[in-house]
Amino acid sequence: MHHHNHYYGQAHILARYAGLDDAYPPRLRGYLQHGWNIADGWNPVHEFYDGAWRYTWSDGPRRRGHALGRRNYASIGAPFLYLQELEPELGAVPEEEREGTLWFLFHGWEGGKIQGDHKRLIDEIRETEPGPVTFSLYYTEYDRPEVRKSYEDAGFRVVSFGRRGFSYEGTDPRFLYKQLAELRKHKRVAANRLSTAIFYGIAAGCEAAVYGDPMEMEGENPLFGGQSRIARLWPEMLGKELDMDAARATTDLELGVPWMMPPAELRMLFDWRERV
């Protein structure tokens, strides 16, 4: 089982949905897509064991993987969708009480920091957002005081949902629980790049926007086409006011709503033994 499968507690969510122990999820023999991806589900230099299965959220990454000559794909839907079914009331407030925007900054990772004009972005957010702003920073930026302080000084409520972990250490299995609860309190979700969080927000009932300086990340790999390719293939997902009918249709496809499985089918696919 690759340690990436534990990122954000995704293996834990699938185990719980399948009726198994989510504190210590059973081995998932393959690779589970852990974020929205414009290619075959993983980064360009990800290494795979020969013959291993690749579990994608939707059919798009599978098709793109086949075009690259790769096989052994199964599309199962994003674990976030299963979490929504498991926790229908988590963080939920009446629709008329949802307010403000949960804003996600494009983030780096342990191997690369983002660079951009935070003040300019803050000014654009203030000009655009109609209500209070909660600003979500990934832990790699939350732990950089010079970044976090920029948004705190701007008067935004700043949050972080935890760490994704590495090599099975430091994973916050409640990461997506906290993110879902926060999304359900807000009217809008926004980010400076089309990203996983935008799709999660739409799935959780938010209006959405993608705008502002997309910023740059050290060592960013352009192999799959980057921002220009996203603009060509997902134009309905970009802008300060989206056509939400179109955005929701795209979200259902990208998160894999049509490929979700019942618990028994997931157990069979993963060769997980039912609890007795």
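# Close-up views of the predicted model

**View A. T101 of strand 4 is paired by a bridge with V133 of strand 6.** The model shown here, as in every view below, is predicted. A second bridge position in this pair of strands is also displayed: F104 has S136 of strand 6 as its bridge partner. Strand 4 (residues 101-104) and strand 6 (residues 133-136) run parallel and are joined by four bridges. Strand 4 is likewise joined by four bridges to strand 8 (residues 188-191), and these two strands also run parallel. Within strand 8, A190 is the bridge partner of W103.

**View B. Strand 4 is covered on both of its faces.** The side chains of the strand are shown according to the face on which they lie. T101 and W103 lie on one side of the strand, and L102 and F104 lie on the other. Each of these four residues is buried, with under 20% relative accessible area. Of the residues on the first side, T101 is bridged to V133 in strand 6, while W103 is bridged to A190 in strand 8.

**View C. Five strands are arranged as an open sheet with parallel pairing.** The order of the strands across the sheet is 7-6-4-8-9. Strand 7 (157-159) and strand 9 (207-210) form the edges, each of them pairing on one side only. From one strand to the next, the twist averages 20°.

**View D. A further open sheet is built from three strands.** Its strands follow the order 1-2-3, and their pairing is parallel. Strand 1 (30-32) and strand 3 (73-75) are the edge strands, and each pairs on one side only. Neighbouring strands in this sheet are turned against each other by 20° on average, with direction ignored. Strand 2 (residues 53-56) pairs with strand 3 in the parallel sense over three bridges. In this pairing, R54 has Y73 of strand 3 as its bridge partner.

**View E. Helix 2 (residues 59-67) lies across strand 2 and strand 3.** The helix runs at about 165° to strand 3. Its buried residues are D59, G60, P61, R64 and G65. The elements that cover these buried residues include strand 2, strand 3 and helix 9 (226-233). After helix 2 comes G69, which has a positive phi, near 85°.

**View F. Helix 4 (residues 118-128) packs with helix 6 (residues 145-153).** Their axes are 10 Å apart and form an angle of about 25°. An angle under 35 degrees counts as roughly parallel, and helix 4 and helix 6 are therefore roughly parallel to each other. Their crossing is right-handed. H118, L121 and I122 of helix 4 make the contact with V147, S150 and Y151 of helix 6. By residue class, this contact comprises four nonpolar residues, two polar residues and no charged residues.

**View G. Helix 7 (175-183) and helix 8 (residues 196-203) cross at roughly 55°.** The axes of the two helices come within 9 Å. Helix 7 and helix 8 are therefore oblique to each other. The crossing of this pair is right-handed. On the side of helix 7, the residues that meet helix 8 are L176, Q179 and L183; on the side of helix 8, they are A197, Y200 and G201. The residues of this contact divide into four nonpolar, two polar and no charged.

**View H. T171 is located in the loop between strand 7 and helix 7.** T171 is separated from Y8 by 163 residues in sequence, yet the C-alpha atoms of the two residues are 6.6 Å apart in space. When residues up to four places away in sequence are not counted, T171 touches H6, Y8 and G9, together with R163, R164, G165 and F166.

Methods: Residues numbered from 1 in each chain as written. Predicted model: local features only at pLDDT ≥ 70, side-chain atom pairs only at ≥ 80, totals over all residues. Heavy atoms only, no water. Axes fitted to C-alpha atoms, helices over the stretch in contact; angles between N-to-C directions. Parallel < 35°, antiparallel > 145°, perpendicular 65-115°, else oblique. Left-handed = near helix turned anticlockwise from the far one by under 90°. Contact = heavy atoms within 4.5 Å. Nonpolar A, V, L, I, M, F, W, Y, C, P; charged D, E, K, R; others polar. Pairing = 2+ DSSP bridges. Buried < 20%, exposed > 50% of the residue type's maximum accessible area, 1.4 Å probe, protein only.
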